[in-house]
Amino acid sequence: MPKAHVDATEAQIPENIRTGDSVEALKRAFLDHLFYTQGRFLEVATPNDHYQALAHTLRDRLLHRWVNSVQTYAKSNCRTVCYLSAEYLPGPHLANNLLNLGITENVRQALAQLDLDLETIIEHEEEPGLGNGGLGRLAACFMDSLATLQIPAMSYGIRYEYGIFDQQIRDGWQVETTDTWLHYGNPWEVRRPNIVYEVGIGGHTEQYADAHGQTRVRWLPNEVFRGVAHDTPILGYGVNTVNLLRLWGAEAAESFDFQAFNQGDYVGAVMRQVRSETISKVLYPNDEADMGKRLRLLQQYFFVSCSLQDMLRIFITTGQPLEHFHEKYAAQLNDTHPTIAVAELMRLLVDVQLMEWDAAWAVTRKTFAYTNHTLLPEALEKWPLPLFQSVLPRHLEIIYAINSRFMDDMRLRYPFDQDRVARLSIIDEAGPRYVRMANLACVGSHAINGVAALHTQLLGDTVLKDFHDVWPEKFQNKTNGVTPRRFIMVSNPGLTELLTETLGEGWGKDLYRLREIERHADDAAFQARWRAVKLERKNNLARFVEARLGIQLDPASLFDVQVKRIHEYKRQLLNLLHIVTLYNRIKRNPGIDLQARTFIFGGKAAPGYHMAKLIIKLINAVADVVNRDHDVAGRLKVVFIPNFNVKVAHHVYPAANLSEQISTAGKEASGTGNMKFSMNGALTIGTLDGANVEIREEVGAENFFLFGLTAPEVERVQAESYRPWEIYQAQEELRAVIDLIGSGLFSHGDGSLFRPIIDHLMSRDDYLLFADYSSYIACQEAVSRAYADERVWTRMSIINVARMGKFSSDRTIEEYCREIWKVKPVTVQMKA
């Protein structure tokens, strides 16, 4: 056949609608899924049908790449990263997958031909309720970077049926409602009923002799349930690599009791199923009550056990000896939640696979690495011994054995320092006995890392000092990062367009290239376009807030933003003291010249954290008064955006002018919101805490608004009998602010409502708001002066973005790969 004829024939072959990326192929795929998956035709389809059909259209393309990825990994027998995390906060998948596939505009055109709007469909997507805040969002950024960098990886967690909670604000108070994110199903996941593992709890253990006469231990749990895998494909940007987020859903080993049913016990017939499914029902149950603590421990063990059994199943298929397990897998413990993995892997190797203890312990320690995310001693998990023993009796025996050997080593090392030995022990013997999970993580891991330079230094100096003294070589720093794909390219299309026009393609995978825009920082035309991008995003947020809350914002005002988990150490209260200070100044001098500001808050308080919930009430109470007062109209506006999540963040981060990163120095491990704001051109006002230190080093001190005590100064002030009452007496403006809050102005005359806040500040002020108040107010005045000079502010904004290269999660993952996991990229080629 002549060559010309072959080409003509091939040109007539339609593109595969499962894998093609042309407008026509995508349109046909969408219509196919609308009809064959949703059972609808275009004229009667609902918005959810449109979303589901489009999601399945993209999922086809993801699964095609996933099959190629798995085949490539199997052939190369590569080392695989296994990321163990109790939380993931991926955000909506649709827009991110469109970006990573590179088909956003083609899909937009395909839908337009059907009189459908892509943005409307994107907005319809429910956000996966798999995480709370920074910990889960970091895990999601890492998944994105692992795939983008073509690192073979599997992320393991729990398929929570309900997220932490949806936050509503009623009469200024936080009200928690059920997060039903799975109400319409999840089109991105694939349920794997053939990948199922049994997980036991309770019961007792017994000894027996194996075939070689070796004494072994058998665990006889009194209840067994199953974990079923649900896989979500995670595609990298601009590559063919697809890794998996494998989440475990809990089911009963036997879901229906026919004997109970036949005896007329209809409720009892399904109780086993109900009890089992409770384990993966909700993210982070309120653990104030004993039952909440028990469920949280069950959740942690459940997903860890399923994950390790899965890893062992896959490894055994390679035919390699189990002594090489750690050469195949690098398992990262994301905080202390998955730390029970240390004892569980030992159980699986010693009790199930019948390895000798010393060999199993060597494999275990070489498999795991531990990331610490907190400097707050109370946040380092520990479990009451009776609770732990009732749930995991065999694991307690294993922990006792690990600890016994470890304590013998430590007594030899510190024969005259029994206090130090006691602090190092995995079992806390001071008072009621506890299992200390951070200690187990340190003993059972080959590497320990903090998440910012200051955080890692303080870990070695404070909460993990004893372990640092024993194993200084284990400790490393891995400063957190965030993915620029979601937090610039998806959420800020205007900035993305300007950066691409200026830099060309490719900066989304090499964020250090942003440095090239610095040469435009003083260019008047470039500055004008930069301001236009920011104004468009501020207008977008203003429309969002008006639609949600009925409050009108002035986009010309300075958008001063603090969105993060509500906690006393994050000092939303200090921000409020500044607002009330400005309010007082206006009331005393209505003609005063003040920079117009819109203060924007967002974040959830833990359901049992009463002080945090009172802070939310105070924010809304201040907003109610300030926003109704004609004296401050056009100069101050205060807004609390309910239910802050990744979808809301897409509106907020790109719109901010000022990023409030004002935690007490030495309390924040890293923070990643600070990076997201800076990447979008916001300037930071902050303390030398967490990653603020490194952000300031990168962007330059002249482009960062610094205030407050340093971590050593905080430690010294607290050690010297800090007396906040004396600061209140000495500072007239601060005294006026506190007195106004206590007067009842913000509580309809009820002077007692906010008394717990005032009393705590006056008597204890644990997070040193009064000590930093005057410095903070002076720094905010410097912010106002800078914002008033359009040229200066814009230049600072451009330089902040230009110098954000370090804070891409790609850089963080490259460091983990090189220095902890020892893994290398594997290129995936597509096959027909």
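Visitor: What makes you say that both faces of β1 are covered?

Guide: Look at each side in turn. T80, C82 and L84 on one side are buried, and so are V81 and Y83 on the other. Note that this is a predicted model.

Visitor: Why is β1 called largely enclosed?

Guide: Buried means under 20% relative accessible area. Five of the five residues of β1, residues 80-84, are buried, so the strand is largely enclosed by the rest of the structure. The split into two faces fits a general rule. In a regular strand the side chains alternate between the two faces of the sheet.

Visitor: Which strands does β1 pair with, and what makes them partners?

Guide: Pairing needs at least two bridges between two strands. β1 and β10 (residues 329-334) are joined by five bridges and run parallel. β1 and β2 (residues 153-158) are joined by four, also in parallel. Both counts meet the cut-off, so both β10 and β2 are partners of β1. In β10, Y329 stands opposite T80. In β2, A153 is the bridge partner of V81.

Visitor: What makes β3 and β4 a pair, and in which sense do they run?

Guide: Again, at least two bridges are needed. β3 (residues 166-170) and β4 (residues 173-177) have five, and they run antiparallel. One bridge links Q167 to E176 in β4. The hairpin has two residues between its strands, and D171 takes a positive phi near 55 degrees there.

Visitor: Why is helix α12 called largely enclosed?

Guide: Eleven of the twelve residues of α12, residues 341-352, are buried, so the helix is largely enclosed by the rest of the structure. The buried residues include charged-letter entries E344, R347 and D351, along with A341, V342 and L345. After α12 comes L354, with a positive phi near 60 degrees.

Visitor: Is S280 buried or exposed, and what makes it so?

Guide: The cut-off for buried is under 20%. S280 has 6% relative accessibility, so it counts as buried. S280 is found in the loop between α9 (268-277) and α10 (290-316).

Visitor: Which residues does S280 touch, leaving out those up to four places away in sequence?

Guide: S280 touches I158, R159, Y160, E161, W248, G249 and A250.

Visitor: Why is Y36 called exposed?

Guide: Exposed means over 50% relative accessible area. Y36 has 65%, so Y36 is exposed. Y36 lies in helix α2, residues 23-37.

Visitor: Which residues form a nonpolar patch with Y36?

Guide: F35, F41 and V44 join Y36 in a nonpolar surface patch. Together the four have about 460 Å² of accessible area.

Visitor: What is the strand order in the six-stranded open sheet?

Guide: The order is β19-β18-β17-β20-β21-β22, with parallel pairing.

Visitor: Why do β19 and β22 stand at the edges?

Guide: β19 (636-641) and β22 (705-706) each have a single partner strand, so one side of each is left without a neighbour in the sheet.

Visitor: What makes β21 and β22 a pair?

Guide: The cut-off is at least two bridges. β21 (residues 683-686) and β22 have two, in the parallel sense. One of them sets G686 against L706 in β22.

Visitor: Which strands do helices α22 and α23 meet?

Guide: Helix α22 (residues 524-549) packs on the sheet and touches β17, β18 and β19. Its direction makes about 70 degrees with that of β19. Helix α23 (residues 572-588) lies across β17, β18, β19 and β20, running at about 155 degrees to β18.

Key. Residues are numbered from 1 along each chain as its sequence is written. This is a predicted model: local features need pLDDT of at least 70, side-chain atom pairs count only at pLDDT 80 or more; totals for chains, interfaces and linings use all residues. Side-chain values use heavy atoms; hydrogens and water are left out. Patches are made of residues with over 30% relative accessible area and no salt bridge: like charges are joined within 9 Å, nonpolar side chains (Val, Leu, Ile, Met, Phe, Trp, Tyr) within 5 Å. Accessible areas come from the Shrake-Rupley method with a 1.4 Å probe; for residues, only the protein chains shown count as cover. A salt bridge is a side-chain nitrogen of Lys or Arg within 4 Å of a carboxyl oxygen of Asp or Glu. Buried means under 20% relative accessible area, exposed over 50%, partly exposed in between (1.4 Å probe, protein chains only). Contact means heavy atoms within 4.5 Å. Axes are lines fitted to C-alpha atoms, for helices over the stretch in contact, and angles run from 0 to 180 degrees between N-to-C directions.
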